[in-house]
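Colleague: I would like to learn how to read a pair of packed helices and then the backbone of a loop. Could you take me through both, one feature at a time?

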Amino acid sequence: MQLESQGTSLLLGCLYHLFFQMIYIILFIVYAEKVKKLRMLGLLLAVFVLFAIVVAGSLQMMDHMMRWIFVGSLSGASLVSMFASPLFIINLVIRTKSVEFMPFYLSLSTFLMSSCFFLYGLFNYDPFIYVPNGMGTILGIIQLVLYFYYSNRSREDSREPLIVSYG
């Protein structure tokens, strides 16, 4: 629990990330098609409602250690799901032998961000930070290895259509 003495730096790091994430979401919503825009606004509203529920629920817990475990477990689970979500495309990348559907910069930024937070959590002895980010570092390495392996192959020769037309 040494993290509390350095809570300011963690808060600033999270606010920095929140700022850029909100810019990304706003740009996506502004330039999205109308149907996607409405869907994303609904999902964004659902995320804010869920966040408010978690904050209100955790503030009701009087035991500080229980609150720390509750919020840390939820955060860890959401981080692991975030890091693992690009891996669902692996089957498509292997099947098509093309990295067309797996952006390099997303894989690189996932690896770099998770590595930095893994080291931060390790140095502060906080398993709720270093465990999910350690998993994210490993998953980021897997994505990068996969990217470099399949990016060297010919894109035109190995490209397979996503939808097969029988017409």
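Modeller: Let us begin with a crossing, keeping in mind that this is a predicted model: helix 2 and helix 3 cross in a right-handed way. The contact involves Val54, Ser58 and Leu59 on the side of helix 2, and Arg67, Phe70, Val71 and Leu74 on the side of helix 3.

Colleague: How many of the residues in the contact of helix 2 with helix 3 are nonpolar, polar or charged?

Modeller: Five of them are nonpolar, while one is polar and one is charged.

Colleague: Which quantities describe two packed helices?

Modeller: In general, one gives the angle between the two axes together with the distance between those axes. Here helix 2, residues 34-59, packs against helix 3, residues 64-84, at an angle of about 160°, and their axes are 9 Å apart. Because angles over 145 degrees count as roughly antiparallel, helix 2 is roughly antiparallel to helix 3.

Colleague: Now for the loops: what sign does phi have in most residues other than glycine?

Modeller: Most such residues have a negative phi. Lys97, however, has a positive phi near 55°, and Lys97 sits in the loop between helix 4 (90-96) and helix 5 (104-123). Tyr125 likewise has a positive phi, near 55°, and its place is the loop between helix 5 and helix 6 (127-151).

Colleague: Is Tyr125 buried or exposed?

Modeller: Tyr125 has a relative accessible area of 60%, so Tyr125 is exposed, whereas Lys97, with a relative accessible area of 36%, is partly exposed.

Methods. Residues are numbered from 1 along each chain as its sequence is written. This is a predicted model: local features need pLDDT of at least 70, side-chain atom pairs count only at pLDDT 80 or more; totals for chains, interfaces and linings use all residues. Side-chain values use heavy atoms; hydrogens and water are left out. Helices (H or I, at least four residues) and strands (E, at least two) are DSSP runs, numbered from the N terminus. Buried means under 20% relative accessible area, exposed over 50%, partly exposed in between (1.4 Å probe, protein chains only). Axes are lines fitted to C-alpha atoms, for helices over the stretch in contact, and angles run from 0 to 180 degrees between N-to-C directions. Angles under 35 degrees count as roughly parallel, over 145 as roughly antiparallel, 65 to 115 as roughly perpendicular and the rest as oblique. A crossing is left-handed if the near helix is turned anticlockwise from the far one by less than a right angle, and right-handed if clockwise. Contact means heavy atoms within 4.5 Å. Ala, Val, Leu, Ile, Met, Phe, Trp, Tyr, Cys and Pro count as nonpolar, Asp, Glu, Lys and Arg as charged, and the others, Gly among them, as polar.
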